[in-house]
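Here are my notes for you, as numbered points to read beside the viewer. Please keep the sequence open as you go.

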Amino acid sequence: MELSSRQEKIVDIVKENGPITGEKIAEHLSLTRATLRPDLSILTMAGFLEARPRVGYFYSGKHTSEALSGKIKRMSVKDYQSIPIIVKENVSVYDAISTMFLEDIGTLFVSDSKGLLAGVLSRKDLLRASIGQQNLNTVPVHIIMTRMPNIAVCRKDDLLIDAANKLIEKEIDGLPVVRDSENGLEVIGRITKTTIARAFSELATVHEI
Ligand code: ADP
């Protein structure tokens, strides 16, 4: 719900001075109590303010859209990342499929002999390889993976919303969280669509701002 500028002002006054009577709010705004009555009842009905008889108006702590977007902009990758599952580039497609099932995960990251990020394997990459004529036990994953430098990555101090936008833009399910290492990138975490769903759900259950 969009608040008018007068309604925003009323919320601010109550935030700072509550509990406060309608009369006193009117004084702050140099208006009459009668003029404010419709705004006060809208704010109370919408849950921004609570009214207690003989006490006055309280700020309910309900998120305004501004407070909510402020909260989103404070969510960073490091607070939500999960553990990455990494396979070596010479493991077979068969073993990568087994790992995907065992770890119950949709995206695997692939590392080179130095332990640096070399590629990504999605469910469909493995599915595509499986319907070909190849022997899954002998084909190494580096043949079929999406490889560096075409990997979209994020870093622990990035905003979660920026990581979410990358997932959308690139139409992918996951991003490795990386840190710079001497000759490449080291994978330290994982952000997936599930991460974003969990963070989104959390926003609805946090009442205090
Ligand atoms: P699926 O292929 O199972 O639908 P994705 O949408 O994540 O899963 O993957 C689509 C393609 O993008 C795959 O070929 C995959 O290797 C590649 N891919 C997945 N994650 C990344 C990433 N972070 N950066 C670049 N490419 C990726």
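1. A definition to begin with: a residue is called buried when its relative accessible area is under 20%, exposed when that area is over 50%, and partly exposed in between. Please also bear in mind that this is a predicted model. Tyr94, with a relative accessible area of 44%, is therefore partly exposed.

2. Let me stay with Tyr94 for a moment. This tyrosine belongs to helix α6. If you set aside the neighbours within four places in sequence, Tyr94 is in contact with Leu136 and Asn137. Leu159 makes a useful second marker: Tyr94 and Leu159 are 65 residues apart in sequence, and their C-alpha atoms are 35 Å apart in space.

3. Now the overall picture. The chain contains nine helices and eight strands. Its C-alpha trace spans about 80 × 35 × 25 Å along the principal axes. The radius of gyration is 26 Å, whereas a compact globule of 209 residues would come out near 17 Å.

4. How much of the chain is buried? Of its 209 residues, 38% count as buried. The exposed surface of the chain comes to about 12,600 Å², and carbon and sulfur atoms supply 52% of that area. As for contacts with a separation of 6 or more, 57% of them involve residues 24 or more positions apart.

5. Helix α7 is a good place to zoom in. The helix covers residues 123–130, and Asp125, Leu126 and Ala129 are buried there. Viewed down the axis of α7, the buried residues fall within an arc of 95°, so they line one face of the helix. The face turned away from that buried side carries Arg123, Lys124, Leu127 and Arg128, which are exposed.

6. What do the buried residues of α7 pack against? Their partners are α6 (93–103), β5 (117–122) and β6 (146–147). You may recognise α6 as the helix that holds Tyr94.

7. Thr192 makes a nice contrast with Tyr94. Thr192 sits in strand β8, which covers residues 184–192. Is Thr192 buried or exposed? Its relative accessibility is 12%, so Thr192 counts as buried. Not counting residues up to four places away in sequence, Thr192 touches Leu167, Asp173 and Gly174. From Thr192 to Leu160 the separation is 32 residues in sequence and 11 Å in space, C-alpha to C-alpha.

8. Two proline bonds deserve a look. The peptide bond from Gly18 to Pro19 is cis, with omega near 0°. Pro19 is placed in the loop between α1 (5–17) and α2 (22–29). Met148 and Pro149 are also joined by a cis peptide bond, with omega about 5°. Pro149 is in the loop between β6 and α8 (160–170).

9. Where does a positive phi turn up in a residue that is not a glycine? One of the places is Arg54, with phi about 65°. Arg54 is part of the loop between β1 (49–52) and β2 (56–59). With 86% relative accessibility, Arg54 counts as exposed.

10. Asp104 also has a positive phi, near 55°, and is not a glycine either. This aspartate lies in the loop between α6 and β4 (107–111). Asp104 has a relative accessibility of 69%, so it counts as exposed.

11. Last, the rings. How many aromatic pairs does a search of the whole structure find? The count is zero. A charged side chain does sit over a ring, though: Arg52 lies over the face of Phe58, at 4.2 Å from the ring centre.

Note on methods. Residues are numbered from 1 along each chain as its sequence is written. This is a predicted model: local features need pLDDT of at least 70, side-chain atom pairs count only at pLDDT 80 or more; totals for chains, interfaces and linings use all residues. Side-chain values use heavy atoms; hydrogens and water are left out. Rings of Phe, Tyr and Trp (its six-membered ring) pair if their centres lie within 6.5 Å; planes under 30 degrees apart count as stacked, over 60 as edge-to-face and the rest as tilted. A charge sits over a ring if NZ of Lys or CZ of Arg is within 6 Å of the ring centre and within 35 degrees of the ring normal. Helices (H or I, at least four residues) and strands (E, at least two) are DSSP runs, numbered from the N terminus. The radius of gyration is taken over C-alpha atoms; the globule rule is 2.2 Å times the number of residues to the power 0.38. Buried means under 20% relative accessible area, exposed over 50%, partly exposed in between (1.4 Å probe, protein chains only). Contact means heavy atoms within 4.5 Å. Accessible areas come from the Shrake-Rupley method with a 1.4 Å probe; for residues, only the protein chains shown count as cover. The arc is that of the directions from the helix axis to the C-beta atoms.
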